[in-house]
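I am opening a notebook on a structure that is new to me, and I will write down what I looked up in the order in which I looked it up.

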Amino acid sequence: MARVPIVRIGQTLIATVQEELYDHDALQLQEELGLLLEQGSVQGVLLDLSTVTTVDSFLARLISGIAITSRLLGAETVVVGIQPAVAVTLVELGLALPGVRTALNAEKGLALLTDRGRDA
Amino acid sequence: MRASGGEATTHADREETLQQQRATISELQTPVIEVWDGILALPIIGSVDTARAQEMNEALLQRIVETGSEIVLLDITGVPVVDTAVARHLLETVAAARLLGADVFIVGLSSRMAMTLVQLGLDLSHVTTRATLAKGLELAFARLGLAVVAHKSGAHWPTPADGDKR
């Protein structure tokens, strides 16, 4: 068990998962992100899953949930660093995270978010 | 005694040859080509079954991570028949690559194939498709903010010394 740290840089929240993401921590992450988003002035959320090697349907749903919640609160979520094996698993489970933007790594994900900020 | 021993050897030989050929085919069937910085091409030749689709998928995802590519051109010019199973495999590849942050364009669709897909009632609304690889590449360039410019002074192009008299 490890809490997922959330770092705020400018108008972006960056949550980097350390090692694996367990249900309890994921729920806590969702709640904390929600509270931070409520305060406003956040444009984007970057969720880094590069250390995660196992994902089940619960987590997939939760990630989709985070993305939808943040959109409702006016911020866009980009999920980055999904490993190939995890991607295959998610697709086979039929949980291809619809409506969630993705990028290969944190750098590209951040570029997506900042581009959007510039357009807006 | 000798005859049966010889037979066993030929059988083993044949088995070995078969294994080698199988290995060669599986190597040949999943070439992932980096056609441009950030653009991968996956030309599929022949029919696609589950095992092959999985292999292709793995090879492709691996290459996306290695090269950091953002666009994949899935060329199905060489696929003779597209049925629901093949289409499902292709859509799975598209979805998996998308999770890694890469856009997949399915290119090389023939009009017949397009009609079949429509008749099968498959939802391809979220997949970008083009008729030819060239069109797909054009779109990929546009997506990456690149443009192909024709220079009128084509003579400046370095040619192999004097041999080339174009």
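Before reading any residue I note the cut-offs: buried means under 20% relative accessible area, exposed over 50%, and partly exposed in between. I also keep in mind that this is a predicted model.

**Entry 1: Trp36(B).** I began with Trp36(B), which is found in strand S1 of chain B. Is Trp36(B) buried, exposed or partly exposed? Its relative accessible area is 46%, and because partly exposed covers the range between 20% and 50%, Trp36(B) counts as partly exposed. I then looked at what Trp36(B) shares the surface with, and found a nonpolar patch formed by Ile33(B), Val35(B), Trp36(B) and Leu146(B), with about 340 Å² of accessible area together.

**Entry 2: the aromatic pair.** How many aromatic pairs does the structure hold over all chains? The count is 1. The partners are Trp36(B) and Phe141(B), whose ring centres are 5.3 Å apart and whose planes stand at 80 degrees, an edge-to-face arrangement. Trp36(B) belongs to strand S1 and Phe141(B) to helix H5 of chain B, so the pair ties together parts that are 105 residues apart in sequence. Having written down Trp36(B) as partly exposed, I checked its partner too, and Phe141(B), at 11% relative accessibility, counts as buried.

**Entry 3: helix H5 of chain B.** Phe141(B) led me to the rest of its helix, which spans residues 133–143. Which residues are buried there? I found Gly136(B), Leu139(B), Ala140(B) and Phe141(B) in that state. I recalled that an α-helix has 3.6 residues a turn, so residues three or four places apart point the same way. What covers the buried residues of H5(B) includes five strands of chain B, namely S1 (33–36), S2 (39–45), S3 (71–78), S4 (103–107) and S5 (128–130). After the helix comes Gly145(B), with a positive phi near 75 degrees.

**Entry 4: chain B as a whole.** I stepped back to the chain and listed 5 helices and 5 strands, which run α-β-β-α-β-α-β-α-β-α from the N terminus on. Of its 166 residues, 31% count as buried. Among the contacts of chain B with a separation of 6 or more, 74% come from residues 24 or more positions apart. The accessible surface of this chain comes to about 10600 Å², and 57% of that belongs to carbon and sulfur atoms.

**Entry 5: strand S2 of chain A.** Turning to the other chain, I asked how many of the 5 residues in S2(A), residues 12–16, are buried. The answer is 4, and the strand is mostly covered. S2(A) runs antiparallel to strand S1 (residues 6–9) of chain A, with 4 bridges joining them, and Val7(A) has Ile14(A) as its bridge partner. The two strands form a hairpin with 2 residues between them, where Gly10(A) in the turn has a positive phi of about 60 degrees. S2(A) is also joined by 5 bridges to strand S3 (residues 44–48) of chain A, this time in parallel, and there Ala15(A) has Leu47(A) as its bridge partner.

**Entry 6: Leu72(A).** My last stop was Leu72(A), which lies in helix H2 (residues 57–72) of chain A. At 73% relative accessibility, Leu72(A) counts as exposed. Its C-alpha atom is separated by 9.8 Å from that of Leu37(A), which is 35 residues apart from it along the chain.

Note on methods: Residues numbered from 1 in each chain as written. Chains lettered and ligands numbered in written order. Predicted model: local features only at pLDDT ≥ 70, side-chain atom pairs only at ≥ 80, totals over all residues. Heavy atoms only, no water. Buried < 20%, exposed > 50% of the residue type's maximum accessible area, 1.4 Å probe, protein only. Contact = heavy atoms within 4.5 Å. Phe/Tyr/Trp six-rings, centres within 6.5 Å; stacked < 30°, edge-to-face > 60°. Patch = residues over 30% accessible without salt bridge, like charges linked within 9 Å, V, L, I, M, F, W, Y side chains within 5 Å. Areas by Shrake-Rupley, 256 points an atom, 1.4 Å probe, with all protein chains shown as cover. Salt bridge = Lys/Arg side-chain N within 4 Å of Asp/Glu carboxyl O. Pairing = 2+ DSSP bridges.
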